[in-house]
Amino acid sequence: MHLPDNYLSPQTCGFMFALSTPIVVTSVNKIKLELKNNSLMAPMLGISSSLSFLIMMFNIPIPGGTTAHAVGGTLLAILVGPYAACISLSVSLILQAFLFGDGGILSLGANIFNIACIMPFSGYYIYNIFRKKQHRELGTIIGSYVGINLSALLVSLELGIQPIIFHDSSGVPLYNPYSIEITLPAMMIAHLFIAGVIESFFTYTIYKFIYRVSPDSIYYDKKDKVNIRYNLKYLYRIIFMLVIISPIGLISKDTAFGEWSGKELLNRLINENIMSSLPMGIKNGLSYNSIFTDYVIPGVSDSISYILSALTAVLLFIIGSKVLGAIYGKSKNSNLPS
């Protein structure tokens with residue numbers, strides 16, 4: 001679901017940035033108010049970003065030689081609210097793109113819109129409907145399932161329209177070469193039947209645990225409940241566990257649909273008798289080399305690299321949350337138990 005660079009045209013990337021920007025700006029303004037009212041929101045932002053980053057490291061093998069992964073977008077919205085979840089997911093996506101080469105730089109606006117905007121807001125909206133009818137657990141399952149599939153649908157459409165809109169005079173695609181007849185079923189079958197189920201499982205399991213040990217850590221609308229008493233120790237335990245088991249994400253070595261490197265894509269195109277060379281936009285597009293591409297640290301085994309990458313991300317998120325806490329200082333809710 002992390003769109004790399006050059007699969008979408010620059011025009012599409014610009015449009016997606018324009019769509020995501022007002023949502024992110026609104027979320028930032030909302031969170032500024034939250035930080036002033038609740039000092040525990042700062043560490044929760046770090047925890048939320050860590051959770052989303054770690055959950056996205058668990059790649060799931062998909063029949064046909066690709067992979068998919070859960071995101072935790074609805075889970076974060078349930079824990080910290082959709083606006084904070086939007087910010088947490090956006091920060092996680094930015095770190096993934098720049099430090100680990102997971103997702104593109106130009107396509108960051110599209111990834112933020114698809115993953116950080118659509119998923120937490122749609123998932124939380126559905127969850128909240130069920131919560132108000134006293135069906136919280138069912139709401140977590142359905143909300144998370146619908147949220148990730150809406151995101152997958154958008155990705156499939158964004159990829160699928162590229163060969164229709166952007167091609168040369170001979171009709172050869174300039175960017176993503178696969179038509180919507182291919183991208184739509186490829187993305188949706190994987191997410192409707194596998195990734196969506198895993199997303200719901202992650203969301204339900206973590207939500208159930210947190211609700212059992214610390215029900216006051218669940219976010220509510222301001223009109224329902226003002227003070228949220230986050231029990232951070234349980235959340236840190238979940239993060240620690242996910243870091244330790246993160247190498248499970250290495251079980252599948254395949255690449256998710258639409259996230260191939262240029263070399264991988266060319267091999268697929270040749271084997272499928274579609275094209276004998278890369279589309280010009282992909283061949284001549286932006287080439288950004290991250291420090292730890294694909295979570296690989298030179299000279300270290302894959303499993304240790306994965307764990308160290310996870311730890312690095314978590315530490316950066318925690319440091320960032322500490323900085324936020326220092327900027328906004330102690331608030332009237334700073335005496336809440338942690």
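**Group meeting: a walk through the predicted model**

Let's start with the pocket. By class, the lining of the largest pocket splits into 16 nonpolar, 19 polar and nine charged residues. One thing to keep in mind all the way through is that this is a predicted model.

So how big is that pocket? The volume comes out at about 1,100 Å³ for the largest pocket. There are 44 residues lining it, and the ones closest to the centre are Gly-101, Glu-259, Ser-261, Thr-293 and Asp-294. If you want to find it on the screen by elements, look for strand 2 (66-69), helix 4 (82-100), helix 10 (262-271), helix 11 (280-283) and helix 12 (302-328), which each give two or more residues to the lining. Which of them gives the largest share? That's helix 12, with three residues.

Okay, confidence. The average pLDDT for the protein is 90, and 94% of the residues score at least 70. The stretch to watch is 331-338, where the pLDDT is below 50. That stretch still has 23 contacts in the model beyond its near neighbours in sequence. I'd be careful with those, because predicted coordinates should not be read in detail where pLDDT is low.

Next, cysteines. How many disulfides turn up in a search of the whole structure? Zero. Now, you may spot Cys-86 and Cys-117 on the screen and wonder about them. Why no bond there? Cys-117 holds the cysteine sulfur closest to that of Cys-86, but the gap is 4.1 Å, so it's too far for a bond. For a disulfide we'd want the two sulfur atoms within 2.5 Å. Turn it around and you get the matching answer: starting from Cys-117, the closest cysteine sulfur is in Cys-86, again at 4.1 Å. Are these two buried or exposed? Cys-86 is buried at 0% relative accessibility, and Cys-117 is buried too, at 2%.

Let's move to helix 8, which covers residues 180-213. I picked three residues in it. Thr-183 sits in this helix and is buried, with a relative accessible area of 0%. What does Thr-183 touch, once we set aside residues up to four places away in sequence? The list is Ser-156, Leu-159, Gly-160, Asn-176, Tyr-178 and Phe-257.

Further along helix 8 is Thr-203, buried at 1% relative accessibility. Leaving out neighbours within four places in sequence, Thr-203 is in contact with Leu-75, Ile-78, Thr-140 and Ser-144.

Then there's Tyr-207, also found in helix 8. Tyr-207 counts as buried, at 2% relative accessibility. With residues up to four places away left out, Tyr-207 touches Leu-75, Ile-78, Tyr-127, Arg-136, Glu-137, Thr-140 and Ile-218. Leu-75, Ile-78 and Thr-140 are names you heard a moment ago for Thr-203. As for Glu-137, it's 70 residues from Tyr-207 along the chain, and their C-alpha atoms are separated by 8.2 Å.

Now the loops. Which residues have a positive phi without being glycine? I have two to show you, Gln-134 with phi near 65° and Tyr-295 with phi near 60°. Gln-134 is in the loop between helix 5 (108-132) and helix 6 (136-160), and Tyr-295 is in the loop between helix 11 and helix 12. Where they part ways is accessibility: Gln-134 is exposed at 55%, whereas Tyr-295 is buried, with a relative accessible area of 7%.

Last stop, Leu-250. You'll find it in the loop between helix 9 (232-245) and helix 10. Is Leu-250 buried or exposed? Its relative accessible area is 19%, and the cut-off for buried is under 20%, so Leu-250 counts as buried. Apart from neighbours within four places in sequence, Leu-250 is in contact with Asp-302, Ser-303 and Tyr-306. Also have a look at Phe-58: it's 192 residues from Leu-250 in sequence, yet the C-alpha to C-alpha distance is 7.6 Å.

That's my tour, over to you.

Definitions and conventions: Residues are numbered from 1 along each chain as its sequence is written. This is a predicted model: local features need pLDDT of at least 70, side-chain atom pairs count only at pLDDT 80 or more; totals for chains, interfaces and linings use all residues. Side-chain values use heavy atoms; hydrogens and water are left out. pLDDT is the predictor's confidence in each residue, from 0 to 100. Contact means heavy atoms within 4.5 Å. On a 1 Å grid over the protein atoms alone, a cavity is a set of points where a 1.4 Å probe fits but cannot get out, and a pocket is an open set with protein on both sides within 12 Å along at least five of seven lines; lining residues have an atom within 4 Å of a point. Grid points are joined across faces, edges and corners, and a volume is the space filled by probe spheres set on the points. Helices (H or I, at least four residues) and strands (E, at least two) are DSSP runs, numbered from the N terminus. Ala, Val, Leu, Ile, Met, Phe, Trp, Tyr, Cys and Pro count as nonpolar, Asp, Glu, Lys and Arg as charged, and the others, Gly among them, as polar. Buried means under 20% relative accessible area, exposed over 50%, partly exposed in between (1.4 Å probe, protein chains only).
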